[in-house]
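Biologist: Could you walk me closely through one part of this model, spelling out your terms as you go? I'd like to understand how it packs against its surroundings.

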Amino acid sequence: MSYQEKKRLVNILSQLGILILFALEIGPQCSSIDLSSTAMMILKYIAYMVGLTVIIQIVFHVGLSVGIAVKNREAGEEVITQRVNAEFVEDERDRLMDLKGTKIGYAVAGAGLLLAIVLVAFEIISASQMLALIYITYGIGSMVEEAVVLYLYRKGY
């Protein structure tokens, strides 16, 4: 598995973990929570997502670099540095796959936003539930984006 594939998989798993924690916290109180409490909870989970993503990416990059160094311990330091740097290179194909994934991820997030607005317009859900639904669909859109890029890497586009 390449660096890009591993990075995407780590991102999907960390985002999934945060969304599951959010759903477990908001689920039991979803119908009775007010709008400002929902907004504060979402801000808290956005902070969690940013902090967790930074920490996980640092640990991931250090682990990947150490793994490459252990595999190539017989080679010199210069060779190991070259191999580590070669793993992190992105080319035009990588950027094109990112764009395709972003396009599909935004479509999913936009569909979730539209769904939330329609559900509020027909008074099926409250405004606080709409806010939670928007947060969840944007999280799902982000995971779909990563999954599409991962699929494209596996497919070989």
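Modeller: Happy to! Contact, or touching, means heavy atoms within 4.5 Å. This is a predicted model, in which local features need pLDDT of at least 70 and side-chain atom pairs count only at pLDDT 80 or more, while totals for chains, interfaces and linings use all residues. Residues are numbered from 1 along each chain as its sequence is written, and side-chain values use heavy atoms, leaving out hydrogens and water.

Let's look at helix 2 (35–71); helices here are DSSP runs (H or I, at least four residues), numbered from the N terminus. Helix 2 has 37 residues and spans 52 Å from its first C-alpha to its last, close to the expected 54 Å, where the expectation is 1.5 Å times one less than the number of residues.

Along helix 2, the residues that are buried (under 20% relative accessible area, 1.4 Å probe, protein chains only) are Thr-38, Met-41, Ile-42, Tyr-45, Met-49, Gln-57, Phe-60, Leu-64 and Ile-68. An α-helix has 3.6 residues a turn, so residues three or four places apart point the same way. The cover over the buried residues of helix 2 includes helix 1, helix 3 (77–87) and helix 5.

Met-41, Ile-42, Tyr-45 and Met-49 also belong to the largest nonpolar core, which has 12 residues in all; such a core is a set of buried Ala, Val, Leu, Ile, Met, Phe, Trp, Tyr and Cys residues joined through side-chain atoms within 4.5 Å. Helix 1, helix 2 and helix 5 each supply at least two residues of this core. Phe-22, another of its members, shows the links nicely. Leaving aside neighbours within four places in sequence, Phe-22 contacts Met-41, Ile-42 and Tyr-45, and also Ala-132, Tyr-135 and Ile-136. Apart from this core lies another of six residues, among them Phe-60, Leu-64, Ile-80 and Val-84.

What about Gln-57 in helix 2? Gln-57 counts as buried because its relative accessible area is 15%. Setting aside residues up to four places away in sequence, Gln-57 touches Lys-7, Val-10 and Asn-11. Gln-57 and Val-10 are 47 residues apart in sequence, yet 8.2 Å apart in space, C-alpha to C-alpha.

One more link runs to Ser-14, which sits in helix 1. With a relative accessible area of 6%, Ser-14 is buried. Beyond residues up to four places away in sequence, Ser-14 touches Leu-52 and Ile-56.

Definitions and conventions
Buried means under 20% relative accessible area, exposed over 50%, partly exposed in between (1.4 Å probe, protein chains only).
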